[in-house]
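Today I want to look up salt bridges and to note, for each pair I pick, how open its side chains are to the surroundings. I will write down what I find entry by entry.

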Amino acid sequence: MHCVRKVTEDLYWVGANDRRLALFENIHPIPKGVSYNSYLLLDEKTVLFDTVDWSACRQLLDNIQYLLKGRDLDYLVINHMEPDHGGSIEEILLRYPKVTVISTEKAFLFMGQFGFHLEGHERIQVTEGDTQTFGRHTVTFVGAPMVHWPETMVTLDTTNGVLFSADAFGSFIALDGRLFNDEVDFDRDWIDEARRYYTNIVGKYGPHVRALLKKAEGLLDQIKMICPLHGPVWRSDFGYLLDKYRRWSAYEPEEKGVMIVYASMYGNTEAAAQALAAKLVERGITNTVLYDVSGVHVSYLIAEAFRLSHIVLASVTYNLGIYPPMHQFLLDMKALNLQNRTFALVENGSWACTAGDLMEKFLDQELKGMTVLNERLSLASALNQGREEELDLLADAIADSVQAE
């Protein structure tokens, strides 16, 4: 059974939703699912923009067949070759043997690496600024390398202002019949998952995203709609979306606030983290959140680290080192290029307490643009009444830093 949505006069969403997949890229939990967006243009020539994951291929084929109504598929435009979008290319080639494939040089290389057979199909290799006319519609191709694969491009339909933006401006969460951004309450229901998608999938490549944003700014007068490969289609409020991407790609915090991430074996470090949070709220820092590094998937922690200005790392010492899940969080911050945050440290150890020094060394040597507050809370097994003054001093330092920015 087909399931399509009309995007513009002759453009249709023909993608699919996946609510069965537990882990996106076999890493990131997606409890609300994800959409795979594909778009079909019905002009003098018919054009499919990207495909879907192999698991959703049947739905894609039903949708295309329903709209084509016996017409052939003339062109397949591949903006991004990652298998959650390129996984159904081979089936499209088999079903539509006359289709012409349009993509970049690297994308064609990847098609061969994935074992797709393009023999007998015409190929058009495009680069930045090339155009293609399908009848009434003319598109231009814009390079977007490393957003977030090296072969990626985006395609602008200069006739109706539709930007096929590949993985840029995408989000986790399956579509529930509502396709457009103005059909949902994005800031309430979607922004957290959009942030988690960006920071964990694309976050490392901030400079490349900024390069694409610079190109997009030069085309803003032409862009009327943004069609990403995941999540809602944007037809309004571009300023909201672009502001988020500018901040994320520049590694600027969205909000002043404090994220407390604690690593606790027996609850003592957790108790200290909770006490610190209460003291921060008493000082007016109400945008404060706590996370157990052992119980929260690191993708959520990364998203919050991108959102907030200040991060408290509270870790027990483990085998004379940093508690392993906390160390992994630090490694993920490095891998995803997080920058320009202010940190405070809490360490705990019944003997040979080393976690604080090791965390500070990592922040200083492995990450960029990080500030570590001088005040540190050091615990010997548990927070006791004798450490109340130190806790207050740490809370004062964090509050002063948040309020000074």
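Before I start, I note the cut-offs I need: a residue is called exposed when its relative accessible area is over 50%, buried when that area is under 20%, and partly exposed in between. I also keep in mind that this is a predicted model.

Entry one. I searched the whole structure and found 26 salt bridges, and I chose some of them to follow up.

Entry two. I looked up R188 and found that it pairs with D185 in a salt bridge, with 3.8 Å between the closest N and O atoms. R188 has a relative accessibility of 60%, which is over 50%, so I call R188 exposed, whereas D185, at 35%, is partly exposed.

Entry three. Next I turned to D192 and R195, whose side chains meet in a salt bridge at 2.9 Å from N to O. Both residues belong to helix α5 (residues 186-202), and because they are 3 residues apart there, about one helical turn separates them. I then checked accessibility and noted that D192 is partly exposed at 46%, while R195 is buried at 3%.

Entry four. In helix α9 (residues 298-307) I found R307 and E304, again 3 residues apart, or about one turn of the helix. Their salt bridge has its closest N and O atoms 2.6 Å apart. R307 is buried, with a relative accessible area of 9%, and E304 is likewise buried at 9%.

Entry five. Finally, I followed salt bridges that share partners, and I noted that they join K279, R283, E388, D392 and D396 into one network.

Key:
Residues are numbered from 1 along each chain as its sequence is written. This is a predicted model: local features need pLDDT of at least 70, side-chain atom pairs count only at pLDDT 80 or more; totals for chains, interfaces and linings use all residues. Side-chain values use heavy atoms; hydrogens and water are left out. A salt bridge is a side-chain nitrogen of Lys or Arg within 4 Å of a carboxyl oxygen of Asp or Glu. Buried means under 20% relative accessible area, exposed over 50%, partly exposed in between (1.4 Å probe, protein chains only). Helices (H or I, at least four residues) and strands (E, at least two) are DSSP runs, numbered from the N terminus.
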